Amino acid sequence: HKENMVSVVGDIEKVLALHPKVESFAHAVPTKTTHKQQKHWKRNEECGGCNKGSNFDDIKPTTLTERGALYESRRCLKCADAPCQKSCPTTIDIKSFISAIANKNYYGAAQMILSDNPLGLSCGMVCPTSELCVGGCNLYDSEEGPINIGGLQQFAIEVFKKMGVPQSLDPNIKLDELPDSFREKIALVGCGPASISCATFLARMGYSDVTIFEKEEYIGGLSSSEIPGYRLPYDVVQYEVQLMKDLGVKVETGKELGKDFTLQGLKDDNYAAIFLGIGNYTPKTIPLFNGLSEENGFYTSKSFLPKVALASKPGMCSCKAPALPQLYGTVVVLGSGDTAFDCATSAFRCGAKRVVVTFRRSTKHIRAVPEEADIAKDERCDFLPFCSPKDIIVNDDGHCSYMEFYRMEEQEEDNKYVIDKEQVLKVKADFIISAFGSKLKDTIIEACKPLDLTNEWRIPVDDHGKTEVDWIFAGGDAIGTSGTTVESTNDGKQASWHIHKYIQSQHGISVEETPQLPRFYSPIDDVDISIEIC
């Protein structure tokens with residue numbers, strides 16, 4: 001008994017020793033000693049992307065645990081005017097889904113999100129929230145900062161995803177009672193965000209013969225092929241497509257517009273309406289790069305990022321996944337958009353020891369959203385502004401060795417940038433990745449007839465996705481105004497109602513001008529939890 005008492009007293013003394021106490025004297029430790037010690041305790045990385053290896057694990061600072069999500073949701077002010085919602089392209093009821101999370105009603109939160117945005121999980125992960133919903137948060141200037149809306153959105157749908165519950169048709173929509181117009185064939189070209197969104201809403205309305213044609217053997221469009229796995233894993237895209245398929249939408253892969261079919265061919269095959277959700281797959285380049293290929297160390301974003309995705313995203317390639325592009329030394333990335341920074345951070349994971357992002361304008365005019373640029377900064381990418389490509393110097397083997405740049409100067413009178421040929425900069429460049437944007441593929445222009453795209457670098461549409469041809473609609477990258485996943489998703493959402501309106505008009509049925517799109521529904525909603533009160 002005495003031994004037990006001694007043990008208890010000893011334990012208490014150990015606990016008390018951890019408590020803060022007033023010292024008798026000030027601490028005096030040499031700085032050199034502190035420097036040696038801190039190396040054993042530092043948690044922030046000294047190096048950046050160069051030590052990533054081929055690690056494509058999640059690096060998003062917005063990802064939340066349940067504890068973090070509950071804390072964050074309870075900070076929300078639930079504003080009467082909800083400026084965050086006014087800034088969301090898909091107009092998700094943000095304050096309502098955050099309230100649901102705060103009450104631990106995770107399904108209710110996911111339902112609210114997916115009702116307005118069928119790609120709610122993708123958007124929660126990759127949305128430029130600082131430019132959209134978070135940018136309007138009334139807590140922006142508070143000491144704790146704005147609400148992490150993207151992280152909360154991601155959390156709610158990830159919880160629902162783990163439930164394994166499918167999407168189902170609202171029982172108020174009875175397929176056997178709908179008119180024949182709802183059995184018309186509808187085709188969507190490209191299985192990217194715009195088409196997935198459009199097909200989902202059409203299926204929710206009761207259309208039973210909806211087919212998406214995708215040129216690749218994988219689904220998801222540019223979300224799969226150009227957004228790296230550490231920002232958007234492939235299983236997220238698969239999940240959202242599966243929710244769409246739960247409603248009966250069909251997806252045919254390996255079917256390319258201009259090669260396997262044309263728009264007129266689909267029309268002749270009795271498709272009542274067609275939605276073009278194709279991405280811009282042809283890179284924009286400059287004459288300086290003519291004749292250069294991957295063997296010379298030159299990539300475009302359109303050749304580099306799909307290779308990275310196929311090698312790093314499990315499930316994209318049905319056969320054995322190919323190897324990552326083998327880079328080394330210094331990689332120069334040209335451009336300042338989101339894609340350029342995806343190339344830069346991916347280059348580290350392909351073996352680069354140094355990555356230099358060069359662009360023509362100043363850092364204050366970087367086109368990428370802050371979320372993208374911040375990741376590149378954290379991974380120690382070097383930024384080289386005011387640079388316009390002048391020449392590429394190759395070694396005896398024909399491989400890239402250096403790049404020369406002219407200095408760009410910003411004019412005070414009109415803020416335009418002009419080249420100063422007197423100032424030339426030479427930069428080591430073992431590999432070069434051009435990320436100057438993209439355009440429509442030439443073969444598509446012919447395949448889109450009767451839509452006339454001869455003088456267009458994009459597909460011209462009105463605010464509702466309608467083209468000059470009444471049975472052709474479009475959205476996403478190819479229309480030239482939607483540069484993000486959420487904007488493409490909203491394009492498909494808007495077009496779905498007007499496709500519905502067009503098809504019904506062909507059968508003499510009038511439809512409301514204001515969209516009345518069905519909400520997300522699942523078997524959970526069939527459970528009766530009502531009670532009778534005496």
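This section describes the overall dimensions, burial, charged pairs and selected residues of a predicted model.

The protein has 534 residues, of which buried residues make up 48%. Its secondary structure consists of 17 helices and 15 strands. The C-alpha trace spans about 90 × 85 × 55 Å along its principal axes. The accessible surface amounts to about 26800 Å², and carbon and sulfur atoms contribute 50% of this area. Among contacts with a separation of 6 or more, 72% are between residues 24 or more positions apart. The protein carries 58 positive and 75 negative charges, and the mean positions of the two sets are 6 Å apart.

Helix 6, which covers residues 106–116, is mostly covered, with 10 of its 11 residues buried. Among the buried positions are the aromatic residues Tyr106 and Tyr107, and Gln111 and Asp116 are also buried. Further buried residues of helix 6 include Gly108, Ala109, Ala110, Ile113, Leu114 and Ser115.

Gln85 lies in helix 4, which comprises residues 83–86. The relative accessible area of Gln85 is 25%; because this value falls between the limits of 20% and 50%, the residue is classed as partly exposed. Beyond its neighbours within four places in sequence, Gln85 contacts Thr91, Ile92, Asp93 and Ile94. The C-alpha atoms of Gln85 and Leu132 are 8.9 Å apart, with a sequence separation of 47 residues.

Glu214 belongs to strand 2, residues 210–214. This residue is buried but has no salt bridge. The nearest side chain of opposite charge to Glu214 is that of Lys215, at 6.8 Å; a salt bridge would require a nitrogen to oxygen distance within 4 Å. When residues up to four places away in sequence are not counted, Glu214 touches Gly190 and Cys191, together with Glu252, Thr253, Gly254 and Lys255.

Side chains of opposite charge can pair when their charged atoms come close. In the whole structure, 19 salt bridges are found. One of them joins Lys161 and Asp235, whose closest N and O atoms are 2.9 Å apart. This pair links distant parts of the chain, since Lys161 is in helix 8 (residues 149–163) and Asp235 is in helix 11 (residues 234–245), 74 residues apart. Both partners are partly exposed: the relative accessible area is 27% for Lys161 and 34% for Asp235.

A salt bridge is also present between Glu409 and Arg407, with an N to O distance of 3.4 Å. Glu409 is partly exposed at 30% relative accessible area, and Arg407 is partly exposed at 31%. In the salt bridge between Glu446 and Lys449, the closest N and O atoms are 3.3 Å apart. Glu446 is exposed, with a relative accessible area of 51%, whereas Lys449 is partly exposed at 43%. Elsewhere, Arg231, Asp342 and Glu372 are joined into one network by salt bridges that share partners.

Lys284, Arg361, Arg367 and Lys439 form a positive surface patch. Within this patch, Arg361 is located in the loop between strand 8 (354–358) and helix 15 (370–378). The relative accessible area of Arg361 is 34%, which makes the residue partly exposed; this value therefore meets the requirement of over 30% for patch residues.

Definitions and conventions: Residues are numbered from 1 along each chain as its sequence is written. This is a predicted model: local features need pLDDT of at least 70, side-chain atom pairs count only at pLDDT 80 or more; totals for chains, interfaces and linings use all residues. Side-chain values use heavy atoms; hydrogens and water are left out. Helices (H or I, at least four residues) and strands (E, at least two) are DSSP runs, numbered from the N terminus. Buried means under 20% relative accessible area, exposed over 50%, partly exposed in between (1.4 Å probe, protein chains only). Contact means heavy atoms within 4.5 Å. Patches are made of residues with over 30% relative accessible area and no salt bridge: like charges are joined within 9 Å, nonpolar side chains (Val, Leu, Ile, Met, Phe, Trp, Tyr) within 5 Å. Accessible areas come from the Shrake-Rupley method with a 1.4 Å probe; for residues, only the protein chains shown count as cover. Lys and Arg count as positive and Asp and Glu as negative; His and the chain ends are not counted. The place of a charge is taken as NZ of Lys, CZ of Arg, CG of Asp or CD of Glu.
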